[in-house]
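Biologist: I'd like a close look at a single part of this one, please. Could you walk me through chain A, how it is divided up and how it sits against its partner?

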Amino acid sequence: MPRTYLTRSAPDTGEVEHRRWMFRHPAVIRITHWVNALCLLVLLMSGLQIFNAHPALYWGKVSTFDTPLLSMTSTEDDPPKGVTTVLGRTFDTTGWLGSSPGADGEPADRGFPSWLTLPSDQDLTGGRSWHFFFAWALVLNGALYLLYGLFSGQLRFRVVPQRDQVRHFAASVWEHLTLRFPEGDEAKRYNVIQKLTYAVVLFVLLPVQVLAGLAMSPAMDAAFPFLLTLFDGRQSARTVHFVVAALLVLFVVVHVALVVLSGFWNNMRGMLTGWFVIERRIEPTAGDDVREHRA
Amino acid sequence: MIQPPSRRSLLLGATAAAGTAMLGGCDRLGEADWFRRTLKTGEDANLFVQRLLLTERTLAPEYAQADISPWFKPNGTEDPPDKAYKALARRKFADYRLEVGGLVETPLKLSLAELRKLPSRTQITRHDCVEGWSCIGKWTGVPLSEILDRARLKSQARYVVFRCADTMDQGEDEGAEGDGTEDVSSGGNASPAMTKQSGGGEDKRDSGGQQAAEGSSASDDAPVRYYESIDLVDAFHPQTILAYELNGKALPVANGAPLRLRLERNLGYKQAKYVMRVEVVESFADIGEGKGGYWEDQGYAWYAGI
């Protein structure tokens with residue numbers, strides 16, 4: 001049996017036998033989760049605003065203006081076409097990337113469209129103000145989460161796979177792909193893929209994202225030249241920052257999709273109030289019942 | 001028959017509407033004074049922390065000859081429209097004199113030949129534009145500290161202001177025949193030579209800045225020329241030089257001839273081009289709109305270490 005030290009005495013709700021309340025998310029986890037969600041959203045949108053000031057990416061120390069890895073441009077046509085070039089391949093992205101309607105509805109030359117940027121108009125300094133404020137918020141909030149998680153045991157519960165989970169890794173992948181979600185005792189803990197994903201986001205993507213952001217600062221490069229070595233130059237760091245942002249978006253999309261698919265209201269109640277319902281398939285074997293009461 | 005909207009399309013519509021409202025709300029929030037001040041605390045924190053991390057002598061990375069960019073992208077003003085500047089440029093800046101004044105014991109006037117006789121520093125460094133791109137160039141010039149030491153600062157001295165030749169915003173006055181921008185060019189008043197890639201959309205902050213300029217009496221009829229300011233920590237940094245050479249040749253007009261500031265631990269917009277006068281002050285509150293620089297007056301942060 002996995003340890004389920006998170007269960008607290010559940011409120012007497014008179015629920016039917018196969019539903020059990022579990023207190024899953026302590027207040028610090030809930031608050032840092034939502035602050036983090038807000039930070040990621042603002043950082044993404046203000047980041048795209050900043051990107052739009054020079055919508056091209058390069059590798060190395062400097063910008064090789066003629067050979068970008070990615071660029072978003074507009075043509076001289078009337079109306080202009082949006083053209084996106086990725087690794088030498090060109091795509092027509094009119095209306096989305098390169099050229100898209102601005103606030104007045106007229107086509108504007110801009111990398112990402114106005115509904116994806118913060119502020120929505122072209123406003124580099126506005127975007128920078130939002131970005132730096134929420135970058136500080138993300139880092140401080142993340143530090144609080146990690147410290148609390150470390151000392152409360154929450155982090156281990158959330159990201160470290162247990163031995164039996166590692167053994168049944170392949171089976172878990174299959175369950176995940178077929179969207180079969182664990183029930184009963186198994187639902188009390190995070191599954192192995194979930195834990196590994198959170199671990200990658202927490203200990204790889206977010207730290208790399210912060211470091212790549214710092215590597216773009218000329219003052220930070222003076223203080224910590226290893227930042228440039230780490231990313232192979234400032235322009236590479238900018239590219240890494242962009243790619244990791246995309247990976248974080250991918251994580252959020254999958255995360256939200258799984259929240260919806262595995263019981264939207266239960267998950268939302270869990271992250272808002274802490275209380276989560278464990279559903280049990282009714283399998284009338286005496287042993288199961290005993291086990292459940294023990295848990 | 002009008003089909004009643006499905007639950008899904010209602011939900012999608014509601015989400016889109018909520019998203020739009022949120023975005024509009026964020027825009028309005030971003031324009032509220034108290035909120036803008038709150039956001040700015042992030043940039044204040046950048047200055048505070050970076051000043052803690054960097055000593056006065058910490059050098060920006062320097063690069064090898066092989067790293068020099070084949071083309072050093074000029075940005076902002078690339079050819080100052082001002083008649084006085086054009087006259088200087090025609091005579092290859094033979095009549096150019098750098099003025100050093102303000103809170104100094106000995107005001108100076110230095111020709112290019114005199115500047116070249118002062119101790120010099122050559123550095124291969126990376127230039128980072130606030131827009132996101134970078135170029136590496138080899139700069140040769142006089143360390144600003146050499147000039148300030150000769151002029152001898154008065155005890156009230158706190159900031160060094162660079163007054164430039166290039167007109168940014170037209171006044172009623174003569175003197176310029178077009179406008180341009182310097183080093184930051186994401187704006188509505190960007191120079192026509194700007195790369196289209198950089199997005200020619202309207203920059204709200206710029207138009208706001210212009211309105212503000214129209215509103216204040218000081219700038220009603222005088223053209224607004226580029227200016228910048230740095231504090232004494234940056235002014236006496238060993239890599240802070242007034243450069244007269246780029247890649248071993250006289251500084252081209254597009255890159256700020258005859259003299260430009262190199263401030264290697266900062267973004268490009270701090271590194272004033274076409275420097276005419278170095279002015280030592282106690283406060284920059286009375287200069288321009290009072291924020292310490294042309295782009296600062298348009299909303300950019302005074303500290304540009306990130």
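Modeller: Here is a tour of chain A, followed by its contact with chain B and a short stop in that partner. First the ground rules: this is a predicted model, where local features need pLDDT of at least 70, side-chain atom pairs count only at pLDDT 80 or more, and totals for chains, interfaces and linings use all residues. Residues are numbered from 1 along each chain as its sequence is written, while chains are lettered from A and ligands numbered from 1 in the order in which they are written.

Let's start with confidence. Chain A averages a pLDDT (the predictor's confidence in each residue, from 0 to 100) of 89, and 89% of its residues score at least 70. Two stretches fall below 50. One is residues 1–10 of chain A, which has 16 contacts in the model beyond near neighbours in sequence; a contact here is two residues whose C-beta atoms, placed from the backbone, lie within 7 Å. The other is residues 285–295 of chain A, with six such contacts.

Now the layout. Chain A splits into domain 1 (19–55 + 116–294) and domain 2 (60–111), with bounds that come from an automatic or database domain assignment. Taken over C-alpha atoms, the centres of these two domains of chain A are 31 Å apart. Where they meet, twelve residues of domain 1 touch ten residues of domain 2. On the domain 1 side, helix H1 (27–52) and helix H9 (234–261) of chain A give two or more residues each; helices (H or I, at least four residues) and strands (E, at least two) are DSSP runs, numbered from the N terminus. H9(A) makes the largest contribution there, four residues. By class, that side has two nonpolar, seven polar and three charged residues. For that count, Ala, Val, Leu, Ile, Met, Phe, Trp, Tyr, Cys and Pro are nonpolar, Asp, Glu, Lys and Arg are charged, and the others, Gly among them, are polar.

There are a couple of backbone oddities to look at as well. Asp78(A) and Pro79(A) are joined by a cis peptide bond, with omega about -5°, and Pro79(A) sits in the loop between strand E3 (70–74) and strand E4 (82–86) of chain A. Leu87(A) is not a glycine, yet has a positive phi of about 50°; you'll find Leu87(A) in the loop between E4 and strand E5 (89–92) of chain A.

On to the partner. The contact between the chains takes 46 residues from chain A and 50 residues from chain B. H1 and H9 of chain A turn up again on this side, along with E3, strand E7 (107–110), helix H2 (124–152) and helix H7 (218–223), each supplying at least two residues. The largest share, nine residues, comes from H2(A). This side of chain A has 23 nonpolar, 15 polar and eight charged residues.

Finally, a glance across at chain B. Five of its strands form an open sheet with mixed pairing, in the order E2-E1-E10-E5-E6; strands pair if DSSP finds at least two bridges between them. Strand E2 (108–110) and strand E6 (224–231) of chain B are at the edges with a single partner strand each, so one side of each is left without a neighbour in the sheet. Within the sheet, strand E1 (residues 98–102) and strand E10 (residues 275–281) of chain B run parallel over four bridges, and Val100(B) stands opposite Val278(B) in E10(B).
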